[in-house]
Amino acid sequence: MESVETSVKTKDALASRIKKAATQNLGPEDTVLVWPNLVYIELVSMVFSLAILLFLAIVSPAPLEEMASADTTPNPTKAPWYFLGLQELLVFFDPWLAGVVLPSLIIVGLVVIPYIDTSPTGKGTYNFSDRKFAVFSFSFGLALWYLLIVIGVWFRGLDWSWYWPWDNPYLHRSATAVTLVDLEVLLQSALHLPETPLLTMGRYEPTAANLLTWGIFLAYYVVGLTIPFLFLRHFYRRFGFIRYNIMMFLFLSMMGVPLKIFLRLMANIKYILVTPWFKI
Amino acid sequence: MKKTFDLIYGFITQTQLYKSVFRHGYPSTDANRALIMFSNVILHLHPVRIRRGALKIKFTWCLGGLTFFFFILLAVTGVFLMFYYVPDTRRAYQNIKDLGTVIYFGTLFRSLHRWAAHAMVLSVWLHMTRVFMTGSYKPPREFNWVVGVILLVCTLLLSWTGYLLPWDQLALWAVTVGSKMAEASPLLGNAGPFGAEIGMTVENDVAFALLGGTMVGQSTLLRFYVLHCLALPLVATLFMAVHFWRIRKDGFSGPL
């Protein structure tokens, strides 16, 4: 009985929406003919962009280096520019993360956007004030992506070292004296934890410090998920359980990238978490 | 003079041949402007009428349309390049050299192909940013956003596979960087987490499938050539058809 009522209600709402759309948006006085109005804009933009491309093609022709040879490795070896953000991440993450898991998370994250952000506000306009969190998250990821590409393209030289534009690009940087340590080594010496393994699971023999790093790693996600759940109830309710968890996992993973970069640069930490199979 | 011209024009447009090709008059009247949209397959991607607000350049920045234009441009220049290219490691590099030395407009077409590829990657990114910022992925357009993400992946794969074809040092090592990452895939790569545990070796993992061997070589070049010139453009075209169809059905999300 209830479901029938709801469906009638939805139908009514839909009917009124269609009526509204028909009278407001699609009235003949609001529309113009596509030919010539839109076709003209398209033609001009195509001619204009073709002119720019022709200009670039003549001024800066496609490069051709020496023939491919497995014997000589260029230094540095750079991927195409649109993948240089991922290659730059190799400085801070192992290849399985930088090259496979993180890009996959980006793709998955992009795909789920419309199913996470179901609020109808701001559709069809540049409206940022009513969707601050969505616009912030997207812009943050985008800025990170472009920043890493810019670094990879213009600030990385021999041996993937940092080169300013005014540095001699043919001069090797002297090897840096910085030694990177894993978080568990830091914790072990700082807290005087025992070095003997607590457990034995095949190749994996975790020490107390190693288990502590597991705790820290998981706590990042657990605390990150719990705080908005407890203290930003309206934020949580807006998404619901499933959407909230998927969205926050992706959001925290995205935020984890600059966090790990920060820990590497500021505290010389190589890995947060070390296991025989993978290191993060 | 004008009389003669009108007479000739009138005669031509009355012939069976002309009328069999063009089913509309010159689009100077509203009726003919509507008819041209119905009877021309390319123009049929558009509706006959569009809301005034959707015309605003500052809303779409023409980015989706330009991406499609770059794709067409890449197809045209790509077909030209295919006439002069053999995906053989002993010949490919010389073929590209020939484009720059002995083939008329060879450099121009190759450079245009390369710049259009850069432009397409960038315009896809900017188009997605625009669609996000205007909230155009919201219902009923959720699935079209997903199709758009698939097209983004197609674009990047097309660019990346094309990168290998000149068979120069830039090409070989850029693709080598990528294949190292494939080797490190969790479960599917021999150097990735749990890869060795489930039996991945250099000769059966995902990098092997991608390269057709354990290193970038002849099989890789052929694979990338087929993917670049045939398989990926077909997939992209299929999803583009869905993408445009959905836009046509749902209309622009643009302002009034």
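**Note on the predicted two-chain model**

1. In this predicted model, 59 residues of chain A are in contact with 74 residues of chain B. The elements that each supply two or more residues to chain A's side of this interface are β1 (31-33), α2 (34-59), α4 (95-116) and α5 (132-154) of chain A. The largest share comes from α2(A), which provides 13 residues. By residue type, the side of chain A that touches chain B comprises 38 nonpolar, 13 polar and eight charged residues.

2. The two chains are also joined through strands. β1(A) and strand β1 (residues 49-51) of chain B run antiparallel and are linked by three bridges. Within this pairing, A:Val32 stands opposite B:Ile50, a residue of β1(B).

3. The secondary structure of chain A should be read alongside that pairing. Chain A has nine helices and one strand, and from the N terminus the order of its elements is α-β-α-α-α-α-α-α-α-α. Of the 280 residues in chain A, 15% are buried. Among contacts in chain A with a separation of 6 or more, 55% are between residues 24 or more positions apart.

4. The domain assignment divides chain A into domain 1 (78-121 + 130-173) and domain 2 (178-280). The centres of these two domains of chain A, taken over C-alpha atoms, are separated by 21 Å. Contact between them involves 13 residues of domain 1 of chain A and 16 residues of domain 2 of chain A. On the domain 1 side, α4 and α5 of chain A are the elements that give two or more residues, and α4(A) gives the most, with seven residues. That side of domain 1 of chain A consists of nine nonpolar residues, three polar and one charged. Both α4 and α5 of chain A also appear among the elements on the side of chain A that touches chain B.

5. Which residues of α9(A) are buried? They are A:Met247, A:Met248 and A:Leu250. The elements covering them include α4, α7 (208-231) and α8 (233-239) of chain A. Helix α9 itself spans residues 241-267 of chain A, 27 residues in total, and reaches 36 Å from its first C-alpha to its last, close to the 39 Å expected at 1.5 Å a residue.

6. The course of α9(A) deserves a separate remark. The helix bends by about 25° at A:Gly256, and a proline, A:Pro258, follows within four residues. After the end of α9(A) comes A:Asn268, whose phi is positive, near 55°.

7. Chain B has its own domain assignment, with domain 1 covering 1-49 and domain 2 covering 53-250. The C-alpha centres of domain 1 and domain 2 of chain B are 38 Å apart.

8. Helix α1 (residues 2-14) of chain B has 13 residues, which at 1.5 Å a residue should span 18 Å; its end C-alpha atoms are 18 Å apart, so the two values agree. α1(B) is hardly covered, and the count of buried residues among its 13 residues is zero.

9. Is B:Trp173 buried or exposed? B:Trp173 counts as buried because it has 23 C-beta neighbours inside 10 Å, where 20 or more are required. The residue lies in helix α9 (residues 169-183) of chain B. Leaving aside neighbours within four places in sequence, B:Trp173 is in contact with A:Thr73, A:Pro74 and A:Thr77. B:Trp173 and B:Leu55 are 118 residues apart in sequence, and their C-alpha atoms are 45 Å apart in space.

10. B:Leu157, found in helix α8 (residues 142-164) of chain B, falls into another class of exposure. With 17 C-beta neighbours inside 10 Å, B:Leu157 counts as partly exposed, because a buried residue needs 20 or more and an exposed one has 12 or fewer. Along the chain, B:Leu157 and B:Ala207 are 50 residues apart, and their C-alpha atoms are separated by 15 Å.

Conventions: Residues numbered from 1 in each chain as written. Chains lettered and ligands numbered in written order. Predicted model: local features only at pLDDT ≥ 70, side-chain atom pairs only at ≥ 80, totals over all residues. Contact = placed C-beta atoms within 7 Å. Nonpolar A, V, L, I, M, F, W, Y, C, P; charged D, E, K, R; others polar. Pairing = 2+ DSSP bridges. Domains from an automatic or database assignment. Expected span 1.5 Å × (residues − 1). Bend = angle between axes of the 7 residues up to and from the residue.
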